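Q: Please give me a close look at a single part of this model. Keep it connected, and state the cut-offs.

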Amino acid sequence: MKLDALWLRANVIKTVRDFFWERGFLEVETPLLIPANAPEEYINPIITTNSWQLQTSPEICMKRLLCGGHQKLFQISRCWRSDERGSRHLSEFTMLEWYRAGCDYHTLMGDCEELLQYVAAKCLPDSRSFVRNSTRITPFAPWERISVQEAFLRFGQTDVWECLRKGLYEEILTSVVEPALAGFSAPVILMDYPKELAALARTKPDDSELAERFELYVGGLELANGFSELNKPDEQRRRFEEANRTRNNIGQAVLPMPEPFLNTLAMMPESAGIAMGLDRLVMLTAGADTIDEIVAFTPEEL
Amino acid sequence: MYTVADLKKGLKIILDGDPYLVVAFDFVKPGKGQALYRTKMRNMINGSLLDRTYRSGESFEPASLEERSMEYLYKEGEHYTFMDQQTYEQVVMEEETLGDAKNYLLENLKVEVMLFGEKAIGISLPNFVNLRVTETEQWAKGDTSGNDSKPATVETGYVLRVPPFIEAGELIVIDTRTGEYSTRVKG
């Protein structure tokens with residue numbers, strides 16, 4: 001069984017790579033060991049020697065390449081997030097990220113549609129569809145785009161802002177909204193998040209309380225997170241400091257600032273970037289219930 | 001103390017004073033959000049199931065449970081008394097706590113008693129026990145009615161199905177995991 005899963009995994013990775021090469025994206029490799037990640041409230045980096053960190057995402061380095069004039073970039077790399085282990089999480093996992101200059105998040109949503117159709121057609125030529133909890137999801141059917149507020153009202157009969165105030169956001173999202181999304185037979189895009197849930201995203205021009213961030217769900221499984229990039233250094237620094245204040249309040253270590261990133265951010269053109277959990281894409285392609293089924297070894301097996 | 005990072009299937013913790021066994025666990029973390037630790041737990045005293053979700057920073061008291069070899073002594077009303085043969089310490093358990101295990105308790109039977117602090121919360125029985133049949137209908141020779149079993153009462157009062165050839169006074173082996181007749185003890 002695992003032998004099949006590893007062949008499928010290799011095929012998905014090769015297919016994803018082909019997709020971006022065919023579209024003229026530059027494949028890059030950036031350092032995995034860095035002095036500072038973007039400080040976020042609920043993401044804990046693994047600290048190594050000399051207080052450097054394993055990357056929690058390649059975004060800091062990828063955006064510096066955008067600042068340097070690159071237009072279309074992608075990377076498939078390992079990321080680490082401390083203490084994350086569940087049926088959909090591994091502390092060490094594989095991330096696909098891509099970035100585009102001169103675009104906003106709508107372009108990335110289009111990329112997602114094309115990418116999932118491409119993967120389904122190449123890796124699952126017979127069914128051309130994914131399976132999650134015995135539900136068949138076809139990327140060739142029209143995708144719904146739902147705002148986060150609309151999703152909370154429609155599926156939970158509750159207001160997202162009120163949930164945030166009461167500390168119920170995660171609970172309602174995972175126990176009400178995500179299960180509702182699992183019933184869709186095409187992928188779904190949740191978009192326009194409250195800005196406190198998008199530390200590196202640009203706010204909407206017509207509503208400063210909302211960020212141009214979206215999440216891609218397939219069969220209720222959260223697959224990717226993308227946004228229009230914030231490129232204002234002062235605003236970015238303020239949000240990182242806010243994240244560190246929250247970290248301090250909940251007893252987590254305050255993290256160092258990625259200064260070279262903040263220093264070059266002013267040179268970043270209007271752009272958009274997205275991170276997709278590649279392990280989860282393999283899970284969907286394999287119809288696997290758990291992430292354990294599609295990796296060579298889980299930490300417990302080591 | 002345990003933290004949320006220690007949560008996994010099989011962990012035993014104390015909740016509202018009762019010991020609970022974690023029977024299902026998952027880590028859930030929506031993008032950019034706080035981690036949630038979802039558990040399903042079984043109350044080790046009354047068997048009821050409970051769903052609880054925890055967040056980072058919460059902690060739990062470990063439930064220390066001890067299994068001790070004891071011998072069943074006697075029953076008085078609904079109270080069953082067991083004794084540790086080494087220390088002569090006695091514990092009493094209610095019929096309700098014992099559940100089906102009471103069907104196999106014959107004086108001097110050796111069992112494993114699960115203790116939560118001072119309190120006995122359950123017992124493990126040997127997989128097989130020998131019990132004598134006290135009452136069952138006589139098997140009419142030449143009965144061709146096709147019945148391949150009949151009810152029998154054993155010395156603990158437990159009633160089960162046995163093959164037609166078993167007679168009152170015979171010793172039989174019962175599988176305590178299923179409650180079913182296993183074989184006859186010859187001689």
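A: The part to look at is the open sheet of chain B. Six strands (DSSP E runs of at least two residues, numbered from the N terminus) make up this sheet, in the order 1-6-2-3-4-5 with antiparallel pairing. Strand 1 (2–3) and strand 5 (49–55) sit at the edges, each pairing on one side only. The model is predicted: local features need pLDDT of at least 70, side-chain atom pairs need 80 or more, and totals for chains, interfaces and linings use all residues. Side-chain values use heavy atoms without hydrogens or water, residues count from 1 along each chain as written, and chains are lettered from A and ligands numbered from 1 in written order.

Inside the sheet, strand 2 (12–15) meets strand 6 (59–62) of chain B in the antiparallel sense, over two bridges; DSSP must find at least two for a pair. B:Ile13 has B:Pro62 of strand 6 as its bridge partner.

Chain A joins in here. Its helix 6 (169–181) packs on the sheet and touches strand 3 (18–28), strand 4 (36–43) and strand 5 of chain B. Touching means heavy atoms within 4.5 Å. The directions of helix 6 of chain A and strand 4 of chain B make about 70 degrees.

Helix 6 of chain A also helps line the largest pocket, as do helix 5 (160–166) and helix 7 (233–249) of chain A, with at least two residues each. Helix 7 of chain A gives the most, five residues.

Key:
Helices (H or I, at least four residues) and strands (E, at least two) are DSSP runs, numbered from the N terminus. Axes are lines fitted to C-alpha atoms, for helices over the stretch in contact, and angles run from 0 to 180 degrees between N-to-C directions.
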